[in-house]
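I opened this model today and kept short notes on what I looked up. The entries follow the order in which I went through it.

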Amino acid sequence: MATLINKDKIKKHALYLLLPLVGLIFSSYTISHHYSTKMQSGETYRCNINATFNCDAVANSPYSELFNVPLGIYGAAYFLLLLVLLGIGLSNTKSAHEHALAYTYANITGTGVSLLLGVISHLNIKAYCITCIGVYCVCFLQTLLLIVQRRQFVFKGSIKDLIQGVSTAALVVAAVIAIHSFTKPVMPVQQQTQATTEQTLKTVQLPINKSRYVGNGEDYRFGSDTAKVKVVEFVDFQCPSCKRLDQNLSELKKQFGERVLFVFKNFPLDKKCNKTMKHAGHPLACEIATLARCAGEAGKFWPYHDLAFAEQEQAKTASPVSWAKQIGLSDQQIETCKSSAWIIEKIKEDVELGIDVGVQGTPALFINGRLFANAHNLAALRTEIERLLADAQD
């Protein structure tokens, strides 16, 4: 039984092969970005255009994985299985009909899933991933091509025919997921700020401004200024990895209280206030840092800090000012503070200090002047702080 009425015509249509290959490229990019965002901090991707079109926001959402597998893996498996199904469907094997039939319905399924994910991005995440949109477009184009060329394909077949083709598709997906399970990172990789062993062993001097009248202003901090253990973080409020680090530090603040001094310093990955950035980076990072310090002038830095991280995924252009108002700042306080040159100068001062001590990305965490190489590991952080506290008592 023939499935493709005109195999020669299909074979000559390069789009049938080209589109899945383009889909594979997009999917591979999303996989790379996913793990960079989840495991590696500090790298800024060009798909972060603004707060709305921001692949970091999508990758950091709970919808970026299914059964702990990045959606990009499923995308790569999907486009690979399309190539396999089409290849067998165009062959002269006995199962050509069944696999061509599965190819047809796989295309339709891919379009349906793309629509669903697009709705989730719009309604739940409220942000869009450019490469994900690329995947959706590929799926739509494949289905459109299928409809235009429908006379070349058979859309009808028995359940038994469909099951055989679907079985092959399931094996392809299972194989890709199995390969991923053996090759995926199993722990946070070292960050750009922790590139060499020599750097993590070096102790640097990190001045802590303890008064608003020193330099361009105080460093906001938690704990006792006389604590023997000092934890200094260089942070970007739009950095998903910084949010995860903050969750760890929140636990440590509860545990150690006044025995440890936690110090916040700015390192926005935004070229408006960070000269190391070659492109836009996180477009709201400098403004959020500015409003956070404005909140600090009113004694409300930490409430603003917590709100900015809590609302990170939903951040829009108006969010920095909106958060300031939510914690009680007036329009006059906000405008007066934003126009104060020394506010942005303090942020740039933090960035300069970070550059001087080797910070290249965020978050960068220093414990007693030494860069800590496993900042996302709560147990490792706790152990290191306990060790230093014990040493201080000897």
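Entry 1, the largest cavity. I sorted the residues that line the largest cavity by character and got 4 nonpolar, 5 polar and 2 charged. The lining has 11 residues in total, and N54, D56, A57, Q238 and Q312 lie nearest the centre of this cavity. I noted its volume as about 100 Å³. My search of the whole structure returned 2 cavities of 30 Å³ or more. I keep in mind that this is a predicted model. As a reminder to myself, rolling a probe the size of a water molecule over the atoms shows where empty space is left.

Entry 2, the largest pocket. I then turned to the largest pocket, with a volume of about 900 Å³. I found 40 residues lining the largest pocket, and L71, Y74, G75, V113 and L117 are the closest to its centre. By character, the lining of this pocket divides into 27 nonpolar, 12 polar and 1 charged. Which element gives the most to the lining of the largest pocket? I counted 11 residues from α5, and no element gives more. The elements that each supply at least two residues of this lining include α2 (15-39), α4 (71-89), α5 (96-125), α6 (130-148) and α7 (159-183). The short pieces α3 (55-59) and β1 (65-66) are also among them.

Entry 3, the chain as a whole. I counted 15 helices and 7 strands in the protein chain. The chain has 394 residues, and buried residues make up 51% of them. I also looked at contacts with a separation of 6 or more, and 78% of them join residues 24 or more positions apart.

Entry 4, the sheet. I traced an open sheet of 5 strands in the order β3-β5-β4-β6-β7, with mixed pairing. Why is one side of β3 and of β7 (370-371) left without a neighbour in the sheet? Both strands stand at the edges and have a single partner strand each, so one side of each has no neighbour. For reference, strands of a sheet pair through backbone hydrogen bonds, either parallel or antiparallel.

I went through the pairs in turn. β3 pairs with β5 in the antiparallel sense over 2 bridges, and F222 stands opposite F262 in β5. β4 (residues 229-235) runs parallel to β5 (residues 260-266), and 7 bridges join the two. Within that pair I noted V229 opposite V260 and V235 with N266 as its bridge partner. β6 (residues 364-367) and β7 are antiparallel, again by 2 bridges, and F366 stands opposite L371 in β7.

Entry 5, burial in the sheet. In β4, 6 of the 7 residues are buried, which leaves the strand mostly covered. In β5, 7 of the 7 residues are buried, so the rest of the structure largely encloses this strand. I checked the two faces of β5 separately. V260, F262, F264 and N266 are buried on one side, and L261, V263 and K265 are buried on the other. In a regular strand the side chains alternate between the two faces of the sheet.

Entry 6, K265. I picked out this lysine in strand β5. Is K265 buried or exposed? Its relative accessibility is 2%, so K265 counts as buried, the cut-off being under 20%. Leaving aside neighbours within four places in sequence, I listed its contacts as P207, D219, V232, E233, F234, V235, K346, D350 and L353.

Entry 7, N209. I found N209 in the loop between α8 (197-201) and β3 (221-222). With 13% relative accessibility, N209 also falls under the 20% cut-off and therefore counts as buried. What does the side chain of N209 reach at 3.2 Å? I found the backbone oxygen of G217 at that distance. Not counting residues up to four places away in sequence, N209 touches V214, G217, E218, D219, R221, K346 and E349. I marked D219 and K346, which appear in the contact list of N209 and also in that of K265.

Terms used. Residues numbered from 1 in each chain as written. Predicted model: local features only at pLDDT ≥ 70, side-chain atom pairs only at ≥ 80, totals over all residues. Heavy atoms only, no water. 1 Å grid on protein atoms, 1.4 Å probe; cavity = no way out; pocket = protein on both sides within 12 Å on 5 of 7 lines; lining within 4 Å. Points joined across faces, edges and corners; volume = space filled by probe spheres on them. Nonpolar A, V, L, I, M, F, W, Y, C, P; charged D, E, K, R; others polar. Buried < 20%, exposed > 50% of the residue type's maximum accessible area, 1.4 Å probe, protein only. Polar contact = N/O pair within 3.5 Å; in protein donor to acceptor, adjacent residues only side chain to side chain. Contact = heavy atoms within 4.5 Å. Pairing = 2+ DSSP bridges.
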